[in-house]
Amino acid sequence: MDTPFSTLIRTASHERHVEAETSSFMGDLLGGRLAVDAYARYTEQLWFVYRALEGGAEALREDPVAGPFIRPELFRTAALERDLAHLRGPGWRAGASPLPATAAYAARVAECARDWPAGYVAHHYTRYLGDLSGGQIIRDRAERTWGFDRKGDGVRFYVFEEIPNPAAFKRGYRELLDGVDADDLEKQRIVDECKRAFDFNTAVFRELGGEYPLSA
């Protein structure tokens, strides 16, 4: 009970987090062993998830649990759409399709946004703090591997123009987690949902790996 909730949620989900970020697909992507089409397909999957995450945000703005986390400077859908137009061309929407794991992930995010604000916080934390942290490694590798302009079209998803000091923002975010309006039982449920969120990510990476098998 004396452990800050931000520390608890990070340490309790660490193993699932590592499993997701060390997937074969992500290893191949970051290792430069996949073509840009694999990166585009991954970006497309993110679009489906963030539409669910941000599509339910406005209705939660006044919620005592999730409301403090609704920060428009975090929103990524518009940046993803700009990236996809660059990667796939102006007609990219016509060919966009979610993998089964992505569809399940987005459906769960939408369900939490609709029915369980505390669960929504778990998905919010998993996605946005990851984007501000490890996501920057993906941006750097993508720029180097496929020649995107630094912080330009193709990697705008990872560029938080309205957050000039990501380190300070993340400290403030962790303070929000520490003060979340939930009792200990509900906090444990949030932790469990956070683990589930990482499992969804792992499943998406697994299916992406099936579409883009490991390079020799």
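A pocket is taken here as an open set of grid points, on a 1 Å grid over the protein atoms alone, with protein on both sides within 12 Å along at least five of seven lines. In the predicted model examined here, the largest pocket that meets this definition has a volume of about 610 Å³. Of the 26 residues that line this pocket, His17, Glu21, Gly130, Gly134 and Phe198 are the closest to its centre.

The lining of the largest pocket draws on several helices, since at least two residues are supplied by each of α1 (5–12), α2 (14–21), α3 (24–30), α8 (117–132), α9 (135–146) and α11 (184–211). Among these contributors, α8 gives the most, with six residues. When the lining of the largest pocket is divided by residue class, eleven residues are nonpolar, ten are polar and five are charged.

The second largest pocket has a volume of about 230 Å³. Its lining is formed by Pro72, Glu73, Phe75, Arg76, Ala78, Ala79 and Arg82, together with Arg156, Val159, Phe160, Glu161 and Glu162. In this second lining, six residues are nonpolar and six are charged, while no polar residue is present.

Helix α9, which supplies at least two residues to the lining of the largest pocket, also packs against helix α4 (residues 36–55), at an angle of about 145 degrees and with the two axes 11 Å apart. The crossing of α4 and α9 is left-handed. At this contact, Val36, Tyr39 and Tyr42 of α4 meet Ile138, Ala142 and Trp146 of α9. By class, the contact of α4 with α9 comprises six nonpolar residues, with no polar and no charged residues.

As regards the overall architecture, the secondary structure of the protein comprises eleven helices and zero strands, so that, read from the N terminus on, the order of elements is α-α-α-α-α-α-α-α-α-α-α. The radius of gyration of the protein is 17 Å, which is close to the 17 Å given by the globule rule for 216 residues, and the protein is therefore as compact as a globular protein of that length. Along the principal axes, the C-alpha trace of the protein spans about 50 × 35 × 30 Å.

How values were computed. Residues numbered from 1 in each chain as written. Predicted model: local features only at pLDDT ≥ 70, side-chain atom pairs only at ≥ 80, totals over all residues. Heavy atoms only, no water. 1 Å grid on protein atoms, 1.4 Å probe; cavity = no way out; pocket = protein on both sides within 12 Å on 5 of 7 lines; lining within 4 Å. Points joined across faces, edges and corners; volume = space filled by probe spheres on them. Helix = DSSP H or I, 4+ residues; strand = E, 2+ residues; numbered from the N terminus. Nonpolar A, V, L, I, M, F, W, Y, C, P; charged D, E, K, R; others polar. Axes fitted to C-alpha atoms, helices over the stretch in contact; angles between N-to-C directions. Left-handed = near helix turned anticlockwise from the far one by under 90°. Contact = heavy atoms within 4.5 Å. Rg over C-alpha atoms; globule rule 2.2 N^0.38 Å.
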